[in-house]
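Student: Hey, can you walk me through this protein fold? I'd like to know how its strands and its core fit together.

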Amino acid sequence: MEAEEALLEIGERDHIFISSGKKQVKIILQDIFYIESLREYIHIHTKTETFTFKMPISRIEASLNPSMFARIHKSYIISKPKIEVKSATVVQVKGKKLPIGRTYKPFIDL
């Protein structure tokens, strides 16, 4: 994977295109379970695979529909319809427990 920063192109709101090097990757929004940030990279976990792009999580957050996606932590954005279990401090998506950050708790409408 090149270290070049990925570009984001918003489609007709059922998908997004993310440019990675010379290719554009189409990601169907309904297929996204959650997005994880690790330093300057994001990992988009979908039904079929995990995509990795060099991009700040805030950039992809700005392009996602807030009625479908929620930022729950500085490192995580989840797909609200994919929530399996939720509590005051943890949300489970695709069998993975993700923490809810204190600063995000007041803004989360799950």
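Tutor: Sure, we'll go through the sheet, the hairpins, the cores and a few side chains. One thing up front: this is a predicted model, where local features need pLDDT of at least 70 and side-chain atom pairs count only at pLDDT 80 or more, while totals for chains, interfaces and linings use all residues. Residues are numbered from 1 along each chain as its sequence is written, and side-chain values use heavy atoms, with hydrogens and water left out.

Student: Cool. In what order do the 5 strands of the open sheet come?

Tutor: The order is E6-E5-E4-E8-E7, with antiparallel pairing. Strands are DSSP runs of E with at least two residues, helices are runs of H or I with at least four, and both are numbered from the N terminus. Two strands pair if DSSP finds at least two bridges between them.

Student: Which strands stand at the edges?

Tutor: Strand E6 (50–54) and strand E7 (69–73) do; each has a single partner strand, so one side of each is left without a neighbour in the sheet. Neighbouring strands of this sheet are turned by 20° against each other on average, direction ignored. For that, axes are lines fitted to C-alpha atoms (for helices over the stretch in contact), and angles run from 0 to 180 degrees between N-to-C directions.

Student: How is E7 joined to E8?

Tutor: By a hairpin, through 2 residues. E7 and strand E8 (residues 76–79) run antiparallel and are joined by 4 bridges. In that pairing Arg71 has Ile77 as its bridge partner in E8, and Ala70 has Ile78. E4 is joined to E8 by 3 bridges, also antiparallel, and there Tyr34 has Ile78 as its partner.

Student: Which way do the side chains of E8 point, and are they buried or exposed?

Tutor: Tyr76 and Ile78 point one way, Ile77 and Ser79 point the other way, and all are buried. Buried means under 20% relative accessible area, exposed means over 50%, and partly exposed is in between (1.4 Å probe, protein chains only). In a regular strand, side chains alternate between the two faces of the sheet.

Student: What about E9, E10 and E11?

Tutor: Strand E9 (residues 83–86) pairs with strand E10 (residues 90–93) in the antiparallel sense over 3 bridges, and the two form a hairpin with 3 residues between them. Val85 has Gln92 as its bridge partner in E10. E10 also pairs with strand E11 (residues 96–99), antiparallel over 4 bridges, and Val90 has Pro99 as its partner in E11.

Student: Which residue takes a positive phi in the hairpin of E10 and E11?

Tutor: Lys94, with phi near 55° in a hairpin that has 2 residues between the strands. At 41% relative accessibility, Lys94 counts as partly exposed. Arg39 has a positive phi of about 55° too, although it is not a glycine. Arg39 sits in the loop between E4 and E5 and is exposed, with a relative accessible area of 75%.

Student: Okay, new topic. Which residues touch the most other members of the largest nonpolar core?

Tutor: Of its 19 residues, those are Ile18, Ile27, Ile35, Ile42, Ile44, Phe53 and Ile60. A nonpolar core is a set of buried Ala, Val, Leu, Ile, Met, Phe, Trp, Tyr and Cys residues joined through side-chain atoms within 4.5 Å. Strand E2 (15–20), strand E3 (23–28), strand E4 (32–38), strand E5 (41–46), E6 and helix H1 (57–63) each supply at least two residues of this core. There's also a second, separate core of 11 residues, which includes Phe33, Tyr34, Tyr76 and Val91.

Student: How many aromatic pairs are there in the whole structure?

Tutor: A search finds 2. The rings of Phe51 and Phe53 have centres 6.4 Å apart and planes at 15°, so that pair is stacked. Rings of Phe, Tyr and Trp (its six-membered ring) pair if their centres lie within 6.5 Å; planes under 30 degrees apart count as stacked, over 60 as edge-to-face and the rest as tilted. Phe51 counts as buried at 15% relative accessibility, and Phe53 counts as buried at 2%.

Student: Last one: what lies over the face of Phe33?

Tutor: Lys82, at 5.6 Å from the ring centre. A charge sits over a ring if NZ of Lys or CZ of Arg is within 6 Å of the ring centre and within 35 degrees of the ring normal.
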